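Grab a coffee and open the viewer: here are a few short exercises to work through by eye. Try each task before you read its solution.

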Amino acid sequence: MRVAVGLVVCMMLAVIPSAAAQYDPTQTPMWPGEPVDSHVHMTWAALTLEVNDWADENSDIVDLVSAGKSELGRDLWVVRLSDWSMETKANGSSKEIVYIDGGHHGNEYLGTALAWLSAKWYINGWNDGNEEAISVLQNNELHILIMLNPDGNDIDTRWNINQVDLNRNYDHYWNTCPTTQPGSSAFSEAETAANAAYIDAHVTDADLYVTMHTGVWIILYPWGKWPEQPPDWELFWTIRDTVNAGISDIPIQNANQGLYPNCGTSRDYGYGQMGFPTFTFETDDEQFVPGSFENINDRLAEEMDVMRYLIENVWYWRARLVVQSLAVEEGTLTLDVINHGQASTANASLEYHNAAGEVLWASSLFGVNATNSTTVSFDVDQNVFTTEGKWNLNYQKRVINAATWVNETVDSNLTVNFIEAEEGFLLGFGLFNPLAVIFSMIGVSVLTRREEDND
Ligand SMILES: [Zn+2]
């Protein structure tokens, strides 16, 4: 006897005007740095007062911690922003995580300024009741280390106090290219070691890492080490094309080609070792032109528009697999999976667990491209499957080897119906997601919608 299959997924789609959001001068705070020697500057002491004020005045959303100390003992402040009254999103799922740092190079004040602005924009927006800022802080954690090199910052130099280029000191192909002063070994410096330790302790699950510098008007993605495009080129190109189509015409390139070959950078480390989608934001060098201060906030505001887009849409910067249908019949299991994320995944598998959580069957690996669906079939012994078990999808969030693995239960609210012969012998299994029809009709052009209740 065949039994019809019925299952309901709770999923709400809300349209957000993300990519179209434009800079609103009434909402973008001004960088408070003081002009010094033809560029703007904020001392570590001034920053320390400022971020402590933020924490004191906004304890609902600002959690201030130190990631460690510089070589000269200055705290490396991390401003952690979220609606801390809620540990999770309203639907109970985990918040997305964003990591930002600024000021690797002590004389690149606009990179530090942009990190400062990235915190201040959301603090002001939250206090002003801005819908975008509230939504971002309810659904995400932003971890922002504003000034990584306070010793170099305060004496206006690129290097840290040991004359090391901190952005060549990371443990990713360290000192394997013609480079500036990379230090005596990877992570030889207190600042980079503290940054890596913070990342490892608090943001390993980040789906966005932006590191902020000053030099030329460009945004860079991996690799710096190689001229080839990175494994997740699809994700980086989608972001590039969306930004350039509607937000800013700032050039967006892989770092090796867009700037020059480099190695041991935090960007390549964040992608190659941690598996994050990473970007280096460079603001142009107008700061070195006397009398050009008046343009700085406009330049920063344009990059803030890009940052807001990246942050607001962080949900999409990974693979997001959802089962559309699953059927077992005549010794064949057929699986139809859709990917709502903008990143592809290469190593997905379907697992079947018994009630005790033991894996009784796992498929071979298969890939699902970004914003696409895949149908795969496997030969199975269908006696393995019972009414008691659960199905899980196991996959990496991105193609890069270092990407985090996720193991997600195929919606536990689904009712499973088995196809049984009259004597109770199991003939097959069917599972169908009714929303699959809707998705196939609307397609998966998802950048303008957010699925609040589907993760
Ligand atoms: Zn720099």
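**Exercise 1. Find the sense in which strand 5 and strand 7 pair, and the number of bridges between them.**

Solution. Keep in mind that this is a predicted model.
- Step one: put strand 5 next to strand 7 (residues 140–145), and you'll see an antiparallel pairing with four bridges.
- Step two: pick Arg80 and look across to strand 7, where His143 is its bridge partner.
- Step three: now turn to strand 4 (residues 62–69), which is also antiparallel to strand 5 and is joined to it by six bridges. Val62 sits opposite Leu81 of strand 5 here.
- Step four: follow the hairpin of strand 4 and strand 5 through the five residues between the strands, and you'll meet Gly73 with a positive phi near 90 degrees.

**Exercise 2. Decide whether strand 5 (residues 75–81) is largely enclosed or not.**

Solution. A residue counts as buried with 20 or more other C-beta atoms within 10 Å of its own. Five of the seven residues in strand 5 are buried, so the rest of the structure largely encloses this strand.

**Exercise 3. Work out which residues touch the most other members of the largest nonpolar core.**

Solution.
- Step one: the core has 107 residues, and the best-connected ones are Val79, Val98, Tyr122, Ile144, Ile146, Leu208 and Val210.
- Step two: look for the biggest contributor, and you land on helix 2 (residues 109–127), with 11 residues.
- Step three: check the domains; domain 1 (24–312) and domain 2 (321–451) each supply at least three residues to this core.
- Step four: zoom in on Ile146. Skipping neighbours within four places in sequence, its contacts include Leu47, Trp77, Val79, Thr112, Ala115 and Trp116.

As background, nonpolar side chains in soluble globular proteins tend to be buried together.

**Exercise 4. Track down the backbone oddities at Tyr173, Thr371 and Trp223.**

Solution. First, the rule of thumb: most residues other than glycine have a negative phi, and most peptide bonds are trans.
- Step one: Tyr173 has a positive phi near 50 degrees. You'll find Tyr173 in the loop between helix 4 (150–154) and helix 5 (190–202), and it counts as buried because it has 20 C-beta neighbours inside 10 Å.
- Step two: Thr371 isn't a glycine either, yet its phi is positive at about 45 degrees. Thr371 lies in the loop between strand 16 (366–368) and strand 17 (373–379), and its 22 C-beta neighbours inside 10 Å make it buried too.
- Step three: go to the bond from Pro222 to Trp223, which is cis, with omega near 5 degrees. Trp223 belongs to the loop between strand 9 (218–221) and helix 6 (233–246).

Definitions and conventions: Residues numbered from 1 in each chain as written. Predicted model: local features only at pLDDT ≥ 70, side-chain atom pairs only at ≥ 80, totals over all residues. Helix = DSSP H or I, 4+ residues; strand = E, 2+ residues; numbered from the N terminus. Buried ≥ 20, exposed ≤ 12 C-beta atoms within 10 Å, placed from the backbone. Core = buried A, V, L, I, M, F, W, Y, C linked by C-beta atoms within 7 Å. Domains from an automatic or database assignment. Contact = placed C-beta atoms within 7 Å. Pairing = 2+ DSSP bridges.
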